Amino acid sequence: MGKVYVFDHPLIQHKTAMIRKADTSVKDFREMVREISMLMGYEATRNLPLEEVEIETPMCKTTMKMLQGEDIAIVPILRAGLGMVDGMLALVPNAKVGHVGLYRDPETHIPVEYYCKLPTDIAKRQVFVVDPMLATGGSAIAAIDFIKAKGAKDIIFMCLIASPEGIEALQKAHPDVDIFIAAKDEKLNENAYIIPGLGDAGDRLYGTK
């Protein structure tokens with residue numbers, strides 16, 4: 001079973017509380033989502049493989065550890081997942097970026113795919129699937145289904161806010177995927193929105209209603 005990491009870092013907790021506030025501006029919301037994503041990415045990339053490389057400092061030659069290639073892909077679930085990409089790219093600027101477009105049917109709450117474009121070499125990359133909200137888990141499950149169908153095997157899911165129901169559903173559907181969460185919330189309401197949550201992440205990122 002994949003592991004679930006819920007962050008307890010004070011900066012992540014503080015910034016997550018700020019993006020929950022109803023009066024946080026679009027500008028501040030967008031900037032803090034980027035910052036939280038970067039802080040989370042720092043820990044989520046902890047197990048990237050290293051290799052010993054000979055370099056030359058101003059003083060002498062020496063052997064140091066560097067990343068063993070940067071075979072990473074970041075795949076946001078459109079549209080809200082785009083808000084997390086820049087924070088991750090700040091850490092791994094050579095990562096390739098794919099996109100999976102899904103929307104949740106307002107009646108059935110079932111995810112519907114409308115776009116999927118991934119790096120051609122996705123199968124050899126560690127893939128970070130990013131989406132601010134893990135509510136029912138339907139979108140995350142569907143996105144990872146599409147990504148696995150393209151050959152990817154090493155997948156991590158990152159989100160800001162998750163419901164217990166979403167975590168359980170994602171673990172059941174994809175037990176090999178580790179989940180990184182800034183905050184685990186109480187429940188879903190009757191409309192499948194996370195409580196206390198932060199509302200619609202896409203609307204808050206882009207100023208739409």
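Buried means under 20% relative accessible area, exposed means over 50%, and partly exposed lies in between, with a 1.4 Å probe and protein chains only. The model is predicted, so local features need pLDDT of at least 70 and side-chain atom pairs count only at pLDDT 80 or more, while totals for chains, interfaces and linings use all residues. Residues are numbered from 1 along each chain as its sequence is written, and side-chain values use heavy atoms, with hydrogens and water left out.

**Figure 1. Annotated binding site at Ile194, Gly199, Asp200 and Ala201.** The "binding site" feature at these residues comes from an unreviewed UniProt entry; UniProt positions are given in the numbering used here, feature names are shortened, and annotations may be inferred rather than shown by experiment. The lining of the largest pocket includes Ile194, Gly199, Asp200 and Ala201. A pocket is an open set of points on a 1 Å grid over the protein atoms alone, where a 1.4 Å probe fits, with protein on both sides within 12 Å along at least five of seven lines; lining residues have an atom within 4 Å of a point. Gly199 sits in the loop between β13 and α6 and is partly exposed, with a relative accessible area of 41%. Ile194 belongs to strand β13 (residues 194-195) and, at 7% relative accessibility, is buried. Helices (H or I, at least four residues) and strands (E, at least two) are DSSP runs, numbered from the N terminus. Leaving aside neighbours within four places in sequence, the contacts of Ile194 include Met133, Leu134, Ile161 and Leu188, where contact means heavy atoms within 4.5 Å.

**Figure 2. The largest nonpolar core, with 34 residues.** Such a core is a set of buried Ala, Val, Leu, Ile, Met, Phe, Trp, Tyr and Cys residues joined through side-chain atoms within 4.5 Å. Ile19, Met40, Met158 and Leu160 touch the most other members. Elements that each supply at least two residues include α1 (10-20), β4 (72-78), β10 (154-162) and α6 (201-206). The largest share, six residues, comes from α2. Beyond four places in sequence, Met158 touches residues including Met40, Met88, Phe128 and Phe180. A second, separate core of 26 residues includes Ala73, Val75, Val127 and Ile147.

**Figure 3. Thr24 in the loop between α1 and α2.** The side chain of Thr24 reaches the backbone oxygen of Met18 at 2.6 Å. Thr24 is buried, at 13% relative accessible area. Not counting residues up to four places away in sequence, Thr24 touches Met18, Phe29, Met32 and Arg204.

**Figure 4. Salt bridges of Lys15 and Lys27.** A salt bridge is a side-chain nitrogen of Lys or Arg within 4 Å of a carboxyl oxygen of Asp or Glu; the structure holds eight. In the pair of Lys15 and Glu35, the closest N and O atoms are 2.7 Å apart. Lys15 lies in helix α1 and Glu35 in helix α2, so this pair ties together parts 20 residues apart in sequence. Lys15 is buried at 17% relative accessibility, whereas Glu35 is partly exposed at 27%. Lys27 and Glu31 meet at 3.1 Å, N to O; they are four residues apart in helix α2, about one helical turn. Lys27 is exposed, at 52%.

**Figure 5. The salt-bridge network of Lys96, Asp121 and Arg125.** The closest N and O atoms of Lys96 and Asp121 are 3.5 Å apart. Lys96 is partly exposed, at 34% relative accessibility, and Asp121 is buried, at 17%.

Note on methods:
Polar contact = N/O pair within 3.5 Å; in protein donor to acceptor, adjacent residues only side chain to side chain.
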